[in-house]
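Student: I have a chain to go through with you today. Could you help me see how each label follows from its number?

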Amino acid sequence: MADYDVAIIGGGLNGVSVARDAAGRGLRVILLEQGDLGAGASQASPRLIHGDLSVLERRAFLRVRAALAERDIWLRIAPHLVRPMRFVIPAHSDERPSWLLRSGLLLHDRLASRPRLPASATIDVTHHPFGNALKRPFGTAFEYSDCVVDDSRLVILNAVDAAERGAVIRTGARCVRADRLDIWRLVAIDRGHRQVVTARALANATGAWTASVAETVLRIPPPSVATAQISQIVVRRLFDTENVYVFQNSDRRLIFASPYERDFTLIGTVGRAFKGDPAIVSTPAPDVAYLCDAANRYFRDRIEPVDVIRTVSGVNSVMDPQRKRAAPDGPVMFDARRRKAPLLTIFGGDVTTARRRAESAVSRFTPFYPMSPRWTAKTPLPGGDFAWPRFDALLDAARERWRFLSEAQAQRLVAAYGTRLEAVLGDAKDRTDLGPAFGPELTGAEVRYLMTKEWARFPDDILWRRSKLGLTMPAEDRNALAAFMATVVERR
């Protein structure tokens with residue numbers, strides 16, 4: 001008998017979503033991730049949960065409708081991670097005509113099955129706070145509702161939920177060989193130790209490594225895929241309002257400028273074909289200049305490449321563009337041959353449809369296993385068991401209980417942990433009860449929680465994936481953090 005029903009290689013958003021769905025349906029699951037959860041393309045998403053206007057422009061109405069339905073589900077099951085916002089598109093005389101933008105947004109409203117957010121509207125930005133950051137020629141803009149998401153926390157909490165439902169999550173575990181018989185026999189190097197695992201089925205969710213894992217680890221013909229890179233830049237905060245700007249660039253690409261970790265602005269994305277090692281990816285100088293120029297067409301405060309504080313890049317596999325048919329929400333391939341254990345391959349797709357994509361993928365196993373019905377659309381992620389309009393009430397309750405928290409600190413913690421914040425802060429009466437401080441916000445108690453409950457092993461796991469505190473933490477505090485983490489026994 002095999003050790004597990006499903007073994008998953010890859011701990012990005014696709015991998016952990018499959019793990020969560022499968023574990024919740026009663027399957028025995030193990031996930032092997034060679035590095036940290038969400039360390040690849042999952043940490044470089046545009047951080048949007050949306051219907052995607054570029055898809056709407058291509059008249060893929062059913063796809064937009066499905067994405068908007070998923071947006072409503074995310075608001076229901078992850079209200080701490082997903083935040084509704086108003087998106088603002090300034091009208092540009094050289095780009096799409098105003099009537100086209102307005103009619104497109106009206107259609108966007110209609111495609112939402114059960115409208116939960118305010119409808120689109122036309123605004124005069126010369127007399128509106130949204131216009132304060134824009135250059136003067138822009139007088140008219142269109143606003144609509146969509147959402148932003150903490151993509152890294154989304155990956156982690158899917159993994160936490162999967163583990164609480166019985167899945168085994170192994171980080172720092174690289175699968176080096178997989179033999180396909182009537183069951184799969186996997187050999188992994190788990191933090192320096194050789195481990196053999198058997199499973200009745202295997203899921204290849206390795207993102208940019210999909211083809212190379214198929215060829216070198218599974219030793220089967222690789223799927224016909226290409227690799228693509230997306231890049232974004234982080235600059236100082238360019239506007240005071242809580243909204244996302246959508247800029248039409250001269251090449252008709254839509255560029256988003258979003259509030260980012262209170263004091264910064266995230267601008268993106270730009271994509272290009274990628275060749276090389278996905279583990280070594282950086283944003284090319286032309287892409288940085290492109291994003292700066294796109295923002296400078298609209299923002300009053302000019303930015304130059306030298307003003308970029310951080311670049312964010314990731315690589316993922318996409319369906320080979322030469323193929324005529326491609327799955328719109330990310331390919332899911334299933335291979336089940338006689339006397340051969342099933343193989344699932346899942347890659348690509350966006351954050352918005354990740355839950356549905358995983359649900360569809362796990363359903364492919366239905367002929368092979370008795371399993372529970374689909375469930376993830378109605379069950380909150382850890383900490384998300386509250387209605388999203390109650391976020392401010394949850395914030396007030398946190399500040400009332402832990403009076404030493406500033407409003408900004410409480411906002412970050414509630415957005416990360418939701419109703420599970422007590423597991424991090426406990427009965428602390430004062431900030432000193434939380435142990436040593438690393439920078440203005442991170443405490444020893446939170447570090448210990450992230451290591452023992454969320455698989456953090458190194459400072460970067462905490463500073464760039466479990467949080468984005470690396471943007472503000474001084475170098476000396478990073479060294480102190482590394483020394484402290486060496487004293488904590490992490491989760492296994």
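Student: Why is Arg116 called partly exposed?

Tutor: This is a predicted model, so we work with computed values. Arg116 has a relative accessible area of 34%. Partly exposed covers the range between under 20% for buried and over 50% for exposed, so Arg116 with its 34% is partly exposed. You will find Arg116 in the loop between α4 (98–111) and β5 (121–124).

Student: What makes Arg76, Arg114, Arg116 and Lys378 a patch, and of which sign?

Tutor: The patch is positive. Lys and Arg count as positive, and a patch takes residues with over 30% relative accessible area and no salt bridge, like charges being joined within 9 Å. Arg116, at 34%, is over the 30% cut-off.

Student: How do you know that Arg420 and Glu164 form a salt bridge?

Tutor: Their closest N and O atoms are 2.6 Å apart. The limit is 4 Å between a side-chain nitrogen of Lys or Arg and a carboxyl oxygen of Asp or Glu, so the pair at 2.6 Å qualifies. Arg420 lies in the loop between α10 (407–417) and α11 (421–425) and Glu164 in helix α5 (residues 151–164), so the salt bridge ties together parts that are 256 residues apart in sequence. Both partners are partly exposed: Arg420 has a relative accessible area of 29%, and Glu164 one of 48%.

Student: What makes Arg219 and Asp179 a salt bridge, and which of the labels buried or partly exposed fits each partner?

Tutor: The closest N and O atoms of Arg219 and Asp179 are 2.4 Å apart, and the limit is 4 Å. This pair links distant parts of the chain, with Arg219 in the loop between α6 (210–216) and β11 (225–236) and Asp179 in strand β8 (residues 173–180), 40 residues apart. Asp179 is at 16%, which is under 20%, so Asp179 is buried. Arg219, at 41%, falls between 20% and 50% and is therefore partly exposed.

Student: Why does the pair Arg253 and Asp251 count as a salt bridge?

Tutor: Their N to O distance is 3.3 Å, and the rule asks for a distance within 4 Å. Arg253 is partly exposed at 31%, and so is Asp251 at 40%. Elsewhere, salt bridges that share partners join Asp36, Asp461, Arg465 and Arg466 into one network. By this rule the count comes to 37 salt bridges.

Student: Which residues of α10 are buried, and what covers them?

Tutor: Gln409, Ala410, Arg412, Leu413, Val414, Ala416 and Tyr417 are buried. Their cover includes α5, α9 (391–401), α11 and α12 (444–453). After α10 comes Gly418, with a positive phi near 55°.

Student: What makes the phi of Arg59 and of Arg252 worth a remark?

Tutor: Most residues other than glycine have a negative phi. Arg59, which is not a glycine, has a positive phi of about 65°, and Arg252 has one near 75°. Arg59 sits in the loop between α2 (53–57) and α3 (61–77), while Arg252 is in the loop between β12 (243–248) and β13 (254–260). At 67%, Arg59 is over the 50% cut-off and therefore exposed. Arg252, at 44%, is partly exposed.

Student: What kind of peptide bond joins Gly268 and Thr269, and how do you know?

Tutor: The bond is cis, with omega about 0°. Thr269 belongs to strand β14 (residues 264–273). Most peptide bonds are trans.

Conventions: Residues are numbered from 1 along each chain as its sequence is written. This is a predicted model: local features need pLDDT of at least 70, side-chain atom pairs count only at pLDDT 80 or more; totals for chains, interfaces and linings use all residues. Side-chain values use heavy atoms; hydrogens and water are left out. Helices (H or I, at least four residues) and strands (E, at least two) are DSSP runs, numbered from the N terminus. Buried means under 20% relative accessible area, exposed over 50%, partly exposed in between (1.4 Å probe, protein chains only). Contact means heavy atoms within 4.5 Å. Patches are made of residues with over 30% relative accessible area and no salt bridge: like charges are joined within 9 Å, nonpolar side chains (Val, Leu, Ile, Met, Phe, Trp, Tyr) within 5 Å. Accessible areas come from the Shrake-Rupley method with a 1.4 Å probe; for residues, only the protein chains shown count as cover. The place of a charge is taken as NZ of Lys, CZ of Arg, CG of Asp or CD of Glu.
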